Amino acid sequence: MDLRHLQQFLVLADTLNFHRAAEKLHMSQPPLSVSIRKLEESVGVPLFIRGRQGVKLTEAGRAALDEARRALFHAEQFRLAARAGAAGEAGTVRIGFVGSATHGILPRILPLFRQRHPGVTVELREATSIRIMQDLAEDALEVGIVRVPVAMGSKLRLASLTTENFALAVPKTHPLARRARIRLADLADEAFIMYTATEAAGLRMAAINACQLRGFTPRITQEAVQVQTLLSLVESGLGVALVPASGRRHPGTNVVYKALADFPADASIGISLAWNPDTERSAARNLREITSHAFRDKTAK
């Protein structure tokens with residue numbers, strides 16, 4: 001038995017005439033008769049009564065009619081689902097993102113993706129850049145939105161989305177909060193709240209490198225993983241911090257943000273799209289293409 005046999009069975013059941021059924025099926029009558037016989041042999045019971053008055057369904061044929069329709073319907077659904085999956089129009093895309101991506105990145109690409117690919121389920125997971133890159137390498141995620149610089153395996157790829165500098169975050173009561181112009185070199189004697197080496201190595205490396213390019217190594221007194229945690233410690237008066245300039249969108253009550261007049265041009269940071277070309281699926285590729293277009297097709301590296 002195959003789907004072709006079921007289709008022939010249904011057409012004959014609807015017409016109850018071998019000649020008309022054969023015409024609808026674009027075949028001659030003898031092969032149709034042979035095919036129906038083979039179907040009856042495979043199920044072990046007659047499905048039609050042949051007589052001078054025409055063709056009639058047997059009790060077994062009537063009982064099987066609805067199941068045959070359902071079988072063909074589900075076969076067609078199977079075909080459509082497979083094609084949708086191959087085209088990236090179905091399934092799930094798992095996206096890992098850093099907290100900073102919730103401002104200006106995810107709101108920019110997710111509505112477009114959901115509008116163009118409504119059959120795809122989006123699964124979001126917030127994590128650190130290091131964790132996201134590990135999950136991409138292990139195929140636990142399809143797409144990552146990460147802070148750069150970030151350590152990456154040789155198989156992973158990055159495409160830049162945004163680039164920015166660090167801004168200085170200081171307590172509102174700090175003398176620097178009242179200064180109109182601040183240079184990075186002015187912070188040589190300050191207590192720094194810094195990103196941890198284990199969970200935020202990229203931001204830590206970039207912040208320390210920026211300071212060293214201006215002649216000093218920052219004196220680190222506290223450490224934290226998330227930017228928001230650093231800002232909370234700054235608000236508590238525990239020190240100053242270098243934070244992504246985009247963090248100024250959410251000012252705290254007791255923190256002031258300052259631009260740095262001498263910030264090194266080659267110490268910039270940013271957010272990039274990350275993916276693994278060896279395991280990339282169609283839905284993830286569609287998301288990457290939408291993201292690339294939304295951010296003016298920046299070149300992968």
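1. Let's start with charge. The chain carries 39 positive and 29 negative side chains, and the centres of these two sets are 4 Å apart. Please keep in mind throughout that this is a predicted model.

2. On overall shape, the C-alpha atoms occupy a box of roughly 105 × 35 × 30 Å along the principal axes. The radius of gyration of the chain is 32 Å, whereas a compact globule of 301 residues would come in near 19 Å.

3. The fold is built from nine helices and twelve strands. Among contacts in the chain with a separation of 6 or more, 73% join residues that sit 24 or more positions apart.

4. Now for the surface and the interior. About 15,800 Å² of the chain is exposed, and 51% of that area comes from carbon and sulfur atoms. Of the 301 residues, 46% are buried.

5. One residue you may like to look at is E40, which lies in helix α3, a helix spanning residues 29–43. Is E40 buried or exposed? E40 counts as buried because its relative accessible area is 6%, and the cut-off for buried is under 20%.

6. What does the side chain of E40 reach? Its partner is the backbone nitrogen of L47, at 2.8 Å. Once neighbours within four places in sequence are set aside, the residues in contact with E40 are V45, P46, L47, F48 and R50. L47 therefore appears twice in this picture: as a residue in contact with E40, and as the owner of the backbone nitrogen that the E40 side chain reaches, with E40 itself buried.

Conventions. Residues are numbered from 1 along each chain as its sequence is written. This is a predicted model: local features need pLDDT of at least 70, side-chain atom pairs count only at pLDDT 80 or more; totals for chains, interfaces and linings use all residues. Side-chain values use heavy atoms; hydrogens and water are left out. Helices (H or I, at least four residues) and strands (E, at least two) are DSSP runs, numbered from the N terminus. The radius of gyration is taken over C-alpha atoms; the globule rule is 2.2 Å times the number of residues to the power 0.38. Buried means under 20% relative accessible area, exposed over 50%, partly exposed in between (1.4 Å probe, protein chains only). Contact means heavy atoms within 4.5 Å. Accessible areas come from the Shrake-Rupley method with a 1.4 Å probe; for residues, only the protein chains shown count as cover. Lys and Arg count as positive and Asp and Glu as negative; His and the chain ends are not counted. The place of a charge is taken as NZ of Lys, CZ of Arg, CG of Asp or CD of Glu. A polar contact is a pair of N or O atoms within 3.5 Å; within protein, one must be able to donate a hydrogen and the other to accept it, and residues adjacent in sequence count only if both atoms are side-chain atoms.
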